[in-house]
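Hi everyone, thanks for making time today. Let me put the sequence and the structure up, and then we can walk through them together.

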Amino acid sequence: MKHQAGGARRDDGQIDRGAYEVLLDSDADGMPDWWEFSFFAGITPAAPVDDPDGDGATNWEEYIADTIPTNAASHFRLATLACSSDQHEIVIPTSESRIYSLQSKSTSHTTSGWELITESLPGNGAKITIAVTNPTVTGTYRAIVEMP
Ligand SMILES: [Ca+2]
Ligand SMILES: [Ca+2]
Ligand SMILES: [Ca+2]
């Protein structure tokens with residue numbers, strides 16, 4: 001079982017605004033029952049490592065990213081990368097219920113790790129463009145999606 005902050009909801013004709021809500025995970029695979037039921041015909045057909053829509057993201061990754069595990073067009077990855085000498089534009093598809101970070105790693109500094117560009121960026125359900133001005137990096141960008 002997992003807990004998460006609860007929001008207001010109608011329950012038996014009353015408004016329930018509990019501080020925490022229990023997420024049942026009857027088969028203990030990391031994905032809550034409500035999520036498995038909403039996309040699959042029960043809680044056991046959806047193994048975390050399966051990729052039934054063939055988009056390269058496992059069911060567990062689609063749950064974390066809040067993408068649709070039965071739609072190959074719905075997946076989390078950098079959508080566009082426009083580069084010029086003075087600006088890189090990184091486009092990330094987002095969900096309103098997730099937060100995002102962007103990191104970069106230079107190929108010119110072989111010992112350096114990932115450097116943070118921005119973090120705790122709330123999603124809005126649309127594509128978010130992050131402009132990296134005066135980029136010094138020749139290398140790789142990566143986006144990270146997390147639950148709030
Ligand atoms: Ca489960
Ligand atoms: Ca998938
Ligand atoms: Ca998908």
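Here is a warm-up: in which loop is the place of Ala 28? Ala 28 sits in the loop between β4 (20-23) and α1, where helices (H or I, at least four residues) and strands (E, at least two) are DSSP runs, numbered from the N terminus.

Before I go further, some housekeeping. This is a predicted model, where local features need pLDDT of at least 70, side-chain atom pairs count only at pLDDT 80 or more, and totals for chains, interfaces and linings use all residues. Residues are numbered from 1 along each chain as its sequence is written, while chains are lettered from A and ligands numbered from 1 in the order in which they are written.

Now, how confident is the prediction? The mean pLDDT of the protein is 84, and 80% of the residues reach 70 or more; pLDDT is the predictor's confidence in each residue, from 0 to 100. Strand β1 (residues 2-5) has the lowest confidence, with a mean of 46, and α2 has the highest, at 96. Where pLDDT is low, the predicted coordinates should not be read in detail.

On to the overall layout. The protein has two helices and 10 strands, and along the sequence they run β-β-β-β-α-α-β-β-β-β-β-β. Of the 148 residues, 15% are buried. Buried here means 20 or more other C-beta atoms within 10 Å of the residue's own, exposed means 12 or fewer, and partly exposed is in between, with C-beta atoms placed from the backbone. Among contacts with a separation of 6 or more, 42% link residues 24 or more positions apart; a contact is two C-beta atoms, placed from the backbone, within 7 Å.

Let me take two sheets in turn. One is an open sheet of three strands in the order β8-β7-β10, with antiparallel pairing, and strands count as paired if DSSP finds at least two bridges between them. β8 (115-122) and β10 are at the edges with a single partner strand each, so one side of each has no neighbour in the sheet. Neighbouring strands of this sheet are turned by 15° against each other on average, direction ignored; the axes are lines fitted to C-alpha atoms, for helices over the stretch in contact, and angles run from 0 to 180 degrees between N-to-C directions. β7 and β10 pair antiparallel over eight bridges, and Ile 99 stands opposite Glu 146 in β10.

The other open sheet also has three strands, in the order β5-β6-β9, and the pairing is antiparallel. Its edge strands, β5 (80-83) and β9, each pair on one side only. β5 and β6 pair over four bridges, and β6 and β9 over seven. Glu 89 is a handy residue to click on: in β6 it is the bridge partner of Ala 82, and its bridge partner in β9 is Ala 131. Strand β9 (residues 127-133) is hardly covered, with zero buried residues among its seven.

So what makes up the largest nonpolar core? It has six residues: Ile 90, Ile 92, Tyr 100, Leu 102, Tyr 141 and Ala 143. By nonpolar core I mean a set of buried Ala, Val, Leu, Ile, Met, Phe, Trp, Tyr and Cys residues joined through C-beta atoms within 7 Å. β6 (87-93), β7 (99-106) and β10 (139-146) each give two or more residues to this core. Leaving out residues up to four places away in sequence, Ile 90 touches Leu 78, Leu 81, Leu 102, Ile 130, Val 132 and Tyr 141.

Now the helical part. Glu 62 is in helix α2 (residues 59-65), and it counts as buried because 26 other C-beta atoms lie within 10 Å. Beyond four places in sequence, Glu 62 touches Ala 57, Thr 67, Ile 68 and Pro 69.

Pro 48 lies in the loop between α1 (33-39) and α2 and is partly exposed, with 14 other C-beta atoms within 10 Å. Its contacts beyond four places in sequence include Asp 29, Gly 30 and Trp 60.

Finally, back to backbone angles. Most residues other than glycine have a negative phi. Ala 28 has a positive phi of about 55° although it is not a glycine, and it is exposed, with 7 C-beta neighbours inside 10 Å. Asp 66, in the loop between α2 and β5, has a positive phi of about 60° and is not a glycine either. Asp 66 is partly exposed, with 18 other C-beta atoms within 10 Å. Thanks for listening!
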